[in-house]
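User: I would like to go through the labels used for this model and ask what each of them rests on.

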Amino acid sequence: MGSITKNGKERTNNIKVLKLLSLCSLVFLFTALQVAGSTEKTWVVVIDAGHGGKDPGALGAKSREKDINLSIALKTGAYLEKNVKNVKVLYTRKTDLFVGLKERAEFANKNKADLFISIHANAMPANRNIKGAETFIMGPSKDDQNLEVAMKENEAIVYEDDYTTKYEGFDPKSPESYIIFSLMQNVFREQSTEFASQVQSQFKNRAGRIDRGVKQDAFWVLYMTSMPSVLIETGFLTNADEEKYLASEEGQDYLASAIYRATRDYFSEIEKKSQVSNFVPATERVTHDTLAPDEKEAVLMPTFMVQIKISKEKLETKPENFNGITDVVSIPAGDHYKYATGSFSSFSEAAEHSKVIRKLYSDAFVIAVKDNKVLPLQEAIDMKGSK
């Protein structure tokens, strides 16, 4: 009898998965047709600050994950609303509020979101030296450490009333409960992976974070969404240095800016593929191209600068062209020109200068240059021994 019951449950789970896949396929097809046939597309982004209220999430020595998640989420949304004209930003929570995992996903589905971004911070008490940022997409577990992360995030459901009924017997602490996820082939895997890769690239190059890559595992909040979705682990609260960075205003600004840039570029790429031309960033798109070989001066050691603009046209570096800034440098980069200001031997000096520059150029950020190439910030910082 036990075997028959088990097989019956598996068949029921298979039917549920097939129904979900059919629904996702129809939503994806409808969205694709909408994009291809409309020149007035408004992208809807749901930003999910993980945990909240009675669920603190991971704990650092001095900080709580729920607070860091919320701060980065709100900053990310503010960057999008300020710098991209045709994006509508919605939040699963904007205060210290507890929201169930199922409700977060249902909120995104109800609002027909084009992208779901769940923001979290990690913890690894057994290894307090581990650090770095990683972005997850939905998929069956392939690694014990990834499964450990998924279990930790899914444990949020135990704060919900009657969660065993609500989540149909799912036990976030039982590996056997994750078998159902191995049956699902996510319709949005390719788009989710593309966006996750852009997030990691921005974390590495924009925020100077250690890149732990794009991974997959069974996160309930991603499983229930019917659009491209990612869960971002911005760093480890159990690492003293990363906790300090994650809890700082500057660290949160850099992480939020990186997520915003990835989102902006992701939608821009989709619109190019769909031949929809109304995606209009309020500021110029910034990339991290390799410096041109005809650069006048070779940079022997990493130099930290603040990039303020990128343009297809070569502009005279006169103060009146750059809000009064007097030391702007033009850097050829393929068929574009980058414009940067300042020259600092340490990242911290450049970061301080960027705060001033961002009053004039909200999109300004620190770059590192060596041997006519833009380096990942963390690599340059390690080379210089900067703090």
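**Terms and the values behind them**

Analyst: Among contacts between residues at least 6 apart in sequence, 78% join residues at least 24 apart. The model is predicted, and the protein has 387 residues, of which 53% count as buried. Its secondary structure comes to 11 helices and 11 strands, and the accessible surface is about 17,900 Å², with 53% of that belonging to carbon and sulfur atoms.

User: Why is the contact between R64 and D67 called a salt bridge?

Analyst: The label requires a side-chain nitrogen of Lys or Arg within 4 Å of a carboxyl oxygen of Asp or Glu. For R64 and D67 the N to O value is 2.9 Å, so this pair satisfies the cut-off of 4 Å. By this rule the count comes to 13 salt bridges. As background, side chains of opposite charge can pair when their charged atoms come close.

User: Are R64 and D67 buried, exposed or partly exposed?

Analyst: Partly exposed is the class between 20% and 50% relative accessible area. R64 has 37% and therefore counts as partly exposed, and D67, with 33%, is likewise partly exposed.

User: What makes K66 and D96 a salt bridge, and where in the chain do the two residues lie?

Analyst: The side chains of K66 and D96 meet at 3.0 Å, N to O, which falls within the 4 Å that the term allows. The pair links distant parts of the chain, since K66 belongs to helix α2 (residues 65–83) and D96 to the loop between β2 (87–91) and α3 (101–110), 30 residues apart. On accessibility, K66 has 5% and therefore counts as buried, whereas D96 has 43% and is partly exposed.

User: How do you know that K75 is buried, and what does K75 pair with?

Analyst: Buried means under 20% relative accessible area, and K75, at 16%, is therefore buried. The side chain of K75 meets that of E249 in a salt bridge of 2.6 Å, N to O. This pair also links distant parts of the chain, with E249 in helix α9 (residues 249–274) and K75 in helix α2, 174 residues apart. K75, E249 and D253 are linked in a network of salt bridges.

User: Why is strand β1 described as largely enclosed by the rest of the structure?

Analyst: In β1 (residues 43–49), 7 of the 7 residues are buried, so the strand is largely enclosed by the rest of the structure. W43, V45, I47 and A49 point one way, V44, V46 and D48 point the other way, and all are buried. In a regular strand the side chains alternate between the two faces of the sheet.

User: What makes β1 and β2 a pair, and which strand else is joined to β1?

Analyst: Pairing needs at least two bridges, and β1 and β2 have 5 bridges in the parallel sense, so the condition is met. One of the contacts along them sets V44 opposite its bridge partner K88 in β2. β1 is also joined by 5 bridges to strand β3 (residues 115–122), again in parallel, and I47 stands opposite I117 in β3. Together, β1, α2 and β2 make a right-handed β-α-β unit.

User: Is N205 buried or exposed, and where is it found?

Analyst: N205 is found in helix α6 (residues 189–205). Its relative accessible area is 17%, and N205 is therefore buried, the cut-off being 20%. N205 and E379 are 174 residues apart in sequence and 9.5 Å apart in space, C-alpha to C-alpha.

Definitions and conventions. Residues are numbered from 1 along each chain as its sequence is written. This is a predicted model: local features need pLDDT of at least 70, side-chain atom pairs count only at pLDDT 80 or more; totals for chains, interfaces and linings use all residues. Side-chain values use heavy atoms; hydrogens and water are left out. Buried means under 20% relative accessible area, exposed over 50%, partly exposed in between (1.4 Å probe, protein chains only). Helices (H or I, at least four residues) and strands (E, at least two) are DSSP runs, numbered from the N terminus. Contact means heavy atoms within 4.5 Å. Accessible areas come from the Shrake-Rupley method with a 1.4 Å probe; for residues, only the protein chains shown count as cover. A crossover is right-handed if, with the strands pointing away from the viewer, the path from the first strand over the helix to the second runs clockwise.
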